[in-house]
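The following exercises invite the reader to examine a protein model step by step. Each task is followed by a worked solution.

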Amino acid sequence: MTARKRPEDLRSHRWYGATDMRSFGHRSRTAQMGYARADYAGKPVIAIINTWSDINPCHAHFRQRAEEVKRGVWQAGGFPVEMPALTLSEPFQKPTTMLYRNLLAMETEELLRSYPADAAVLMGGCDKTTPALLMGAISMNLPAIFLPAGPMLRGDWRGQHLGSGSDVWKFWAEKRAGNLTEAAWEEIENGIARSHGHCMTMGTASTMTSAAEALGMTLAGAASIPAADSRHARMAVETGRRAVAIAWEDVKPRDILTAESFDNAITTVLALGGSTNAVVHLIAMARRCGIPLSLDRFDALSQRTPLVANVRPAGKYLMEDFYYAGGLRALMASIRDLLHVDAHTVGGRSLRDAIDGAEVFDADVILPRDRALVASGSLAVLHGNLAPDGAVIKPAAAEARLLAHRGPAIVFTDYNDMAARIDDPALPATPDSVIVLQNAGPLGAPGMPEWGQLPIPKKLLEQGVRDMLRISDSRMSGTSYGACVLHVAPESYVGGPLAFVRDGDLITLDVAERRLQLDITDTELARRRERWQRPAPHYARGFGALYQQHIRQANDGCDFDFLEGTAPTPDPEIH
């Protein structure tokens, strides 16, 4: 950490403090917007990167939260400048927000590079928004602090608390099985999302905002506060105040983010039963810091970390309950011996100080370790001839009988093929079948959508089957559940072994042995590889074409190859 800057040391001084003609233009145009020189002269400029839009319900409150951040910036003697950035709205954007995560990361980096920002408040929460904003800020490496959107309130239906995603999957299966009426389904539709904020289950949104806090990139306790709670507004004000302090102190993301802080984030995600998407995002973020995080590190930490958050989809409760039970600070305090508590945080304190004094107020929501939902191994990394570069599964989300399973494959060549045939009564599916989806990965889909919780054939649902072994090179929503093997790498589209699976092939999964095997000979596998032809590209122009040229595989974080690492982002010319 460096000493406090002088006003003339501020990056924005190059825009506002010089005596040349360009600075005249900067000052006169700022006056045009209604600001006097006293409003900004000698003060840190705080860029508020706001991902609000009319089509992002998770961020519907961000126009108001931005005003509250500004209030904190003004109070602390800074000059707030709100900058809109690409919104990644998980419920609406097709084919997937993951296709555009790197685009928002690039935009964040370029906004901070090209404008007179001394520090940034990053406003996000909806799934890919959190890693995207942090990836861009890490690469630019200006002082930055993350403001989480917060989970929405609990859903409600006929006296039941509903969780977005998890209960949608559950009740959709019942509707397909004929056990739920159209009227009841419509009631669920109108009661499941009752306020602004992101998913209130331990989906990707809550997973990644919690990871951001465990990394040290938010104020202590920020990630757990429900979006509709007035304490969330007060947190936004305090975040604005802290942004001014880190501008003067020059506290940059890579001063905070170390291999130890990424271990803290991974351990916290595992204790939460968090989304498998965190694997892809944390690898990408770490590599922006120059930290070579790999799949094997997730597996190693999983084998020592208990799952103690009794939150859906792994558990019973929702994020609102989690907050009332003590929130993330209390959970981290309960596993402090597994964390690097000397790690720095953007709040100016160590992680030890940030969680000091936190208590668990409901031991049925944040469980004691002797009553953990899973003692260890809530995430497993698999290898074998079907996934040479790895795949992941959440054993806690699967029926135990499927964790050591061998069965015949039913192969769908892409999502449309699956949608067309999955409910065909003639489909040769039994409870022992292994459903395989090809061409659903980073390039194949494109964008690696959340298709991994493949549907169970309707005829099996009607027989009472609620879980089957399912394998794909796609992701799945953090709100999902089931025996779903995900992120198979290399993906089928580029000639990974998943491309060579045929109907009837026997596939063996052994989670205890971390093994995923296609039971054919090496000779047969090589023969199929020789006959395989790569599919045609999806895009001939635009961002899609850029994406196709530079996207990395899931085990490498799905970043663009030219954005990895710590090569400096050059500041614009002074003149």
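**Exercise 1: A lysine in a helix**

In this predicted model, K70 is located in helix α4, which covers residues 62-75. Determine whether K70 is buried or exposed, and state which residues it touches.

*Solution.* The relative accessibility of K70 is 18%. The cut-off for a buried residue is under 20%. K70 therefore counts as buried. Leaving aside residues up to four places away in sequence, the contacts of K70 are with I48, P80 and E82.

**Exercise 2: The overall form**

Describe the secondary structure and the dimensions of the protein, and decide how its radius of gyration relates to that of a compact globule.

*Solution.* The secondary structure consists of 21 helices and 14 strands. Along the principal axes, the C-alpha trace spans about 75 × 55 × 45 Å. For 575 residues, a compact globule would have a radius of gyration near 25 Å; the protein has 24 Å, so the two agree. As for burial, 61% of the 575 residues count as buried. Finally, among contacts with a separation of 6 or more, 76% are between residues 24 or more positions apart.

**Exercise 3: A covered helix**

Which residues of helix α16 are buried, and what covers them?

*Solution.* Helix α16 comprises residues 327-334, and 6 of its 8 residues are buried, which leaves the helix mostly covered. The buried residues are G327, L328, A330, L331, M332 and A333. Their cover includes α9 (204-215), α12 (259-272), α15 (319-324) and α17 (351-355).

Helix α9 also packs against α6 (residues 129-140), at an angle of about 35° and with the axes 8 Å apart. In this packing, T130, P131 and L134 of α6 meet M208, T209 and A212 of α9. Sorted by class, the contact has 4 nonpolar, 2 polar and no charged residues.

**Exercise 4: The nonpolar cores**

State how many residues the largest nonpolar core has, and name those with the most contacts inside it.

*Solution.* The largest nonpolar core has 109 residues. Those with the most contacts inside it are I49, L122, F262, L282, M285, F322 and L331. L331 is also one of the buried residues of α16. I49 touches M83, A85, L111, L112, V121, L122, M123 and L133, residues up to four places away in sequence not being counted. Another core, of 25 residues, lies apart from the largest one; its members include V434, I471, I507 and L525.

**Exercise 5: Aromatic pairs**

Classify the ring pairs Y16 with Y40 and F543 with F560, and locate their partners in the chain.

*Solution.* A pair of aromatic rings is described by the distance of the centres and the angle of the planes. The count of aromatic pairs comes to 15. For Y16 and Y40, the ring centres are 4.4 Å apart and the planes are at 35°, so this pair is tilted. Y16 lies in helix α1 (residues 13-16) and Y40 in helix α3 (residues 37-40); being 24 residues apart, they link distant parts of the chain. Both Y16 and Y40 are buried.

For F543 and F560, the centres are 6.0 Å apart and the planes are at 45°, so this pair is tilted. F543 belongs to helix α21 (residues 542-550), whereas F560 is in the segment after α21, 17 residues apart from F543. F543 and F560 are both buried.

As a last step, Y16 and Y40 may be placed in a wider setting: ring pairs link them with Y35, W74 and F79 into a cluster.

How values were computed: Residues are numbered from 1 along each chain as its sequence is written. This is a predicted model: local features need pLDDT of at least 70, side-chain atom pairs count only at pLDDT 80 or more; totals for chains, interfaces and linings use all residues. Side-chain values use heavy atoms; hydrogens and water are left out. Buried means under 20% relative accessible area, exposed over 50%, partly exposed in between (1.4 Å probe, protein chains only). Helices (H or I, at least four residues) and strands (E, at least two) are DSSP runs, numbered from the N terminus. Contact means heavy atoms within 4.5 Å. Axes are lines fitted to C-alpha atoms, for helices over the stretch in contact, and angles run from 0 to 180 degrees between N-to-C directions. Ala, Val, Leu, Ile, Met, Phe, Trp, Tyr, Cys and Pro count as nonpolar, Asp, Glu, Lys and Arg as charged, and the others, Gly among them, as polar. Rings of Phe, Tyr and Trp (its six-membered ring) pair if their centres lie within 6.5 Å; planes under 30 degrees apart count as stacked, over 60 as edge-to-face and the rest as tilted. A nonpolar core is a set of buried Ala, Val, Leu, Ile, Met, Phe, Trp, Tyr and Cys residues joined through side-chain atoms within 4.5 Å. The radius of gyration is taken over C-alpha atoms; the globule rule is 2.2 Å times the number of residues to the power 0.38.
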